[in-house]
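User: I should like to learn how to read the features of a protein model. Could you guide me through one, beginning with a single residue?

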Amino acid sequence: MCLTVSMELFVKQSLCRWTFAVASLLTSCTVVAPSGGPGVTQDTALGPVLVDAAGMTLYTYDGDLPDKPNCYSLCSVMWPALEAAADAQPKGEFTIVNRATGVRQWEYRRAPLYTYRLDSKPGDIDGDGEGGTWHAAKP
């Protein structure tokens, strides 16, 4: 009896921790670029790539269409959209698209931009080539 109760308590506590962790990820699925927009480049092993304000590599997705992002739900957990601030204005090859969720997202050459959750520091390019459909955004 004691073992059964302890096991049930352990499972419930573990489930609560797991649920909280997933909920935390799902509530933080966008990265906001400054109102001036992206456009900074950084040298990496791939050569120069576009980065966000924190120096994290930006990516494009083959599943997107021009001006139409298609990375939602679980995809957006691993690949947060680069959100445009409310006062952001398009500049040169950097434009803004409205996602189906109502969020404004930066684009480069009409390709929506994303970060990669598994890149841990500026200069990381771990998302490049992921699934054969994700590519570091190059100037």
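**Reading a predicted model**

Analyst: Let us begin with C71, which counts as buried because its relative accessibility is 0%. Please keep in mind throughout that this is a predicted model.

User: Which residue forms a disulfide with C71?

Analyst: The general idea is that a disulfide is a covalent bond between the sulfur atoms of two cysteines. In this structure, the partner of C71 is C75, and their sulfur atoms lie 2.0 Å apart. The structure holds one disulfide. The angle about the S-S bond is -110°, and the link of C71 and C75 is left-handed.

User: Is C75 buried or partly exposed?

Analyst: C75 has a relative accessible area of 23%, so it is partly exposed. A residue must fall under 20% to be called buried. C71, at 0%, therefore counts as buried.

User: How many helices and strands does the chain have, and in what pattern do they follow one another?

Analyst: There are two helices and nine strands. Along the sequence, the pattern reads α-β-β-β-β-α-β-β-β-β-β. Of the 139 residues in the chain, 34% are buried. The accessible surface comes to about 8000 Å², and carbon and sulfur atoms account for 62% of that surface.

User: What share of the contacts joins residues at least 24 apart in sequence?

Analyst: If one takes the contacts between residues at least 6 apart in sequence, 64% of them join residues at least 24 apart.

User: Which residues make up the largest nonpolar core?

Analyst: In soluble globular proteins, nonpolar side chains tend to be buried together. Here the largest nonpolar core has 11 residues: V49, V51, Y59, C71, W79, A81, Y114, Y116, I125, W134 and A136. Strands β3 (47-51) and β9 (134-136) each supply at least two residues of this core. There is also a second, separate core of 10 residues, which includes L58, L82, L113 and A137.

User: Which residues are in contact with A136, apart from its neighbours within four places in sequence?

Analyst: Those neighbours aside, A136 is in contact with L46, V49, T57, L58, Y59 and D128. Among these, V49 and Y59 belong to the largest core along with A136.

User: How many residues of β3 are buried, and how does β2 run with respect to β3?

Analyst: Four of the five residues of β3 are buried, which leaves the strand mostly covered. Strand β2, residues 40-44, runs antiparallel to β3, and five bridges join the two. As an example of the pairing, D43 stands opposite P48 in β3. The connection from β2 to β3 is a hairpin through two residues.

User: What can be said about the phi angles of D67 and S73?

Analyst: Most residues other than glycine have a negative phi. D67 is not a glycine, yet its phi is positive, at about 65°. S73 likewise is a residue other than glycine with a positive phi, near 55°.

User: Where in the chain are D67 and S73 found?

Analyst: D67 is found in the loop between β4 (59-61) and α2 (74-78). S73 also has its place in the loop between β4 and α2.

User: Are these residues partly exposed or exposed, first D67 and then S73?

Analyst: D67 counts as partly exposed because its relative accessibility is 33%. S73 has a relative accessible area of 57%, so it is exposed. The cut-off that matters here is that exposed means over 50%.

Terms used: Residues numbered from 1 in each chain as written. Predicted model: local features only at pLDDT ≥ 70, side-chain atom pairs only at ≥ 80, totals over all residues. Heavy atoms only, no water. Buried < 20%, exposed > 50% of the residue type's maximum accessible area, 1.4 Å probe, protein only. Contact = heavy atoms within 4.5 Å. Areas by Shrake-Rupley, 256 points an atom, 1.4 Å probe, with all protein chains shown as cover. Disulfide = S-S within 2.5 Å. Core = buried A, V, L, I, M, F, W, Y, C linked by side-chain atoms within 4.5 Å. Pairing = 2+ DSSP bridges.
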